[in-house]
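Work through the exercises below with the sequence and the model side by side. Each task is followed by a solution that goes step by step.

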Amino acid sequence: MRLARVILIRHGESEANTRENIYIAGRDFHTKLTLKGREQALELGSFWRDSLGVNSDSFSSIYSSPATRALETANLVCEQIGVEKNRIRLEEALLEIDHGEWEEGVRDELYTEEVKKIQKENPYDFKAPGGESQRNVEGRVLDFLMKTAMPEALADPHARPVLVFTHGFVIKSTLRHVLDADPATTYKTLISNVSATEVGYHVDHGWHLLRTNSTIP
């Protein structure tokens, strides 16, 4: 039995990224890519095409979070490698963490020293009021990977990977599961805009991390 592979791409720089040190963005369906973010996505697609020979036949299937910034990234990258937009399937399990009542709130006002202490004591289950915990995000993403993405990759006769466009915390939560790491490491992991993280799953041997936060040289 071979290794089933999934490539996770974080979206390009978004409008929310430019103010994330001040405001809590979280899920935010409507924030768009900045000009820099669009350029990042185009550059990734053209690099894949020109330097790696990636084309419309390189992936068994393609998924994207329905959030605007992720779908814009998917469309721009796929345009460069000759993939029709109708091949991109939307998947809500790939959405960014939901911060509930704290969405768009001022970060310093909400993450008080007391809140930070509570989060540090239980990073896996900490969540904003009405929002999601790391455990919740990891659960829905792993459900998608195990029930949809990995079976599709395994069934592909050419052993092609599944391509996924998603968000930073989603990728970090996936890594925590793959590595069976301390949940605190999720908050110490860097996932750059338009970086690629690749994971594999073997029926007999479980999860493998193939690369993480890989960016254009």
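Contact means heavy atoms within 4.5 Å, while axes are lines fitted to C-alpha atoms, for helices over the stretch in contact, with angles running from 0 to 180 degrees between N-to-C directions. The model is a predicted one, in which local features need pLDDT of at least 70 and side-chain atom pairs count only at pLDDT 80 or more, whereas totals for chains, interfaces and linings use all residues. Residues are numbered from 1 along each chain as its sequence is written, and side-chain values use heavy atoms, with hydrogens and water left out.

**Exercise 1. Describe the sheet and place H5 on it.**

Step 1. Helices (H or I, at least four residues) and strands (E, at least two) are DSSP runs numbered from the N terminus, and two strands pair if DSSP finds at least two bridges between them.

Step 2. Six strands form an open sheet with mixed pairing, in the order S3-S2-S4-S1-S5-S6. Because S3 and S6 stand at the edges with a single partner strand each, one side of each is left without a neighbour in the sheet. From one strand to the next, the twist averages 20°.

Step 3. Within this sheet, S1 (residues 4–10) pairs with S4 (residues 162–166) in the parallel sense over five bridges, and Leu 8 stands opposite Val 164 in S4.

Step 4. Helix H5 lies across S1, S2 (61–64), S3, S4, S5 and S6, and runs at about 125° to S1.

**Exercise 2. Find which parts Arg 89 and Glu 152 tie together, and state how exposed each residue is.**

Step 1. A salt bridge is a side-chain nitrogen of Lys or Arg within 4 Å of a carboxyl oxygen of Asp or Glu; the closest N and O atoms of Arg 89 and Glu 152 are 3.2 Å apart.

Step 2. Arg 89 belongs to strand S3 (residues 88–90) and Glu 152 to helix H5 (residues 134–155), so the pair ties together parts that are 63 residues apart in sequence.

Step 3. Buried means under 20% relative accessible area, exposed over 50%, and partly exposed in between (1.4 Å probe, protein chains only). Arg 89, at 37%, is partly exposed, and Glu 152, at 23%, is partly exposed.

**Exercise 3. Is Glu 198 buried or exposed, and which residues share its salt-bridge network?**

Step 1. The side chains of Glu 198 and Arg 211 form a salt bridge at 2.9 Å, N to O. Since Glu 198 lies in strand S5 (residues 196–202) and Arg 211 in strand S6 (residues 206–214), the pair ties together parts that are 13 residues apart in sequence.

Step 2. Glu 198 is buried at 8% relative accessibility, whereas Arg 211 is partly exposed at 30%.

Step 3. Arg 5, Glu 198 and Arg 211 are linked in a network of salt bridges.
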